[in-house]
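Q: I have a protein model open in front of me, and I would like to learn how to read its strands, sheets and pockets. Could we take them one at a time?

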Amino acid sequence: MTDHAIIPAKSRAGTGTGSARAVRREGNIPGIIYGGGKEPKTISIALRDMFKHHQTGRFTSTLFTLDLEGEKIRVIPREVQIDPVTESPIHADFQRLVAGVRLRLFIPVHFNNHGDAPGLKRGGVLNIVRHEIEFFCPSERIPQFIEADLAGMDIGDSLHISKIKLPEGLVPVIRNRDFTVATVAAPSA
């Protein structure tokens, strides 16, 4: 399960381009918190506080707690705008989380037991069809990843979503078919 990282934030007064540029000149990132049946709040976050989380590659599927001048707000990032030249974040949108809400998120897949797959031992190649899968999941139980077991897979075998043990409450967005997550292909000559 995800540990909630805490990111300090400050309220900001203005909205619009001029206000956002002023925040960026101070070395901060402008943002907004919305949802949860409350009014949107404009905020600013220190670039260094957000940059380290953004670099993980899982930023938009990780729960955070924003410490907004003493008020703790559980959020999930929904969109991050990136500067095309520096590739650093320049704006972030956060959605408030309330208990019982189901979210639609991409969760990464980790593959285990490579050594127990006869096809891989004989030189086969693991062909990963989906590195991450989109799920509906409860906001209280967002996994960092799901685990797929490769034990017993031979050359030509496929691993389908139905063969992966999913955590409680996790439901794939694609429900009407048993899609392929990975295959073991024959080695190329």
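A: Let us begin with a pocket, keeping in mind that this is a predicted model. In the second largest pocket, strand S1 supplies the largest share of the lining, namely four residues.

Q: How is empty space found in a structure, and how much of it lies in the second largest pocket?

A: The general idea is that a probe the size of a water molecule is rolled over the atoms, which shows where empty space is left. Here, the second largest pocket holds about 160 Å³ of space. Its lining is made up of 13 residues, and those nearest its centre are Lys10, Asn28, Ser44, Ile45 and Ala46. Two or more lining residues come from each of strand S1 (5-11), strand S3 (41-46) and helix H2 (47-54). Sorted by class, the lining of this second largest pocket has five nonpolar, three polar and five charged residues.

Q: Which residues lie closest to the centre of the largest pocket, and which strand gives the most to its lining?

A: The largest pocket contains about 190 Å³ of space. Thr60, Ser61, Leu105, Phe106 and Glu132 are the closest to its centre, out of the 13 residues that line it. Strand S5 (71-82), S7 and S9 are the elements that each give two or more residues to this lining, and S7 gives the most, with four residues. The classes in the lining of the largest pocket are five nonpolar, three polar and five charged residues.

Q: S7 and S9 both appear in that lining, so how do I read the way in which S7 and S9 pair?

A: In general, strands of a sheet pair through backbone hydrogen bonds, and they do so either parallel or antiparallel. In this model, strand S7 (residues 102-112) and strand S9 (residues 132-138) are antiparallel, and seven bridges pair them. To find one of these bridges on your screen, look for leucine 103, whose bridge partner in S9 is cysteine 137. S9 also pairs with strand S12 (residues 171-172), again in the antiparallel sense, over two bridges. In that pairing, phenylalanine 136 stands opposite valine 171 in S12.

Q: In what order do the six strands of the barrel follow one another?

A: The order is S1-S3-S2-S6-S5-S4, and the six strands close into a barrel with mixed pairing. From one strand to the next, the twist averages 45°.

Q: How many residues lie between S4 and S5 in their hairpin, and how many between S5 and S6?

A: There are two residues between S4 and S5, and in the turn glutamate 69 has a positive phi of about 50°. Strand S4 (residues 64-68) pairs with S5 in the antiparallel sense over five bridges, and in S5 the bridge partner of aspartate 67 is lysine 72. The hairpin of S5 and S6 has six residues between its strands, and glutamate 87 in the turn has a positive phi of about 60°. S5 and strand S6 (residues 89-96) are also antiparallel, with seven bridges. You can follow that pairing at isoleucine 76, whose bridge partner in S6 is glutamine 95, and at glutamine 81, which is partnered by histidine 91 in S6.

Q: What does an open sheet look like here, and which strands stand at its edges?

A: Three strands form an open sheet in the order S8-S13-S11, with antiparallel pairing. Strand S8 (125-128) and strand S11 (158-160) are at the edges, and because each has a single partner strand, one side of each is left without a neighbour in the sheet. The twist from one strand to the next in this open sheet averages 15°. S8 is joined to strand S13 (residues 180-185) by four bridges, and the two run antiparallel; as an example, isoleucine 128 has alanine 182 in S13 as its bridge partner.

Q: Over which ring does the charged end of arginine 130 sit?

A: The charged end of arginine 130 sits over the ring of phenylalanine 179, at 4.4 Å from the centre of that ring. As for rings paired with each other, with centres required to lie within 6.5 Å, the count of aromatic pairs comes to zero.

Note on methods:
Residues numbered from 1 in each chain as written. Predicted model: local features only at pLDDT ≥ 70, side-chain atom pairs only at ≥ 80, totals over all residues. Heavy atoms only, no water. Pairing = 2+ DSSP bridges. Phe/Tyr/Trp six-rings, centres within 6.5 Å; stacked < 30°, edge-to-face > 60°. Lys NZ or Arg CZ within 6 Å of the ring centre and 35° of its normal. 1 Å grid on protein atoms, 1.4 Å probe; cavity = no way out; pocket = protein on both sides within 12 Å on 5 of 7 lines; lining within 4 Å. Points joined across faces, edges and corners; volume = space filled by probe spheres on them. Nonpolar A, V, L, I, M, F, W, Y, C, P; charged D, E, K, R; others polar. Axes fitted to C-alpha atoms, helices over the stretch in contact; angles between N-to-C directions.
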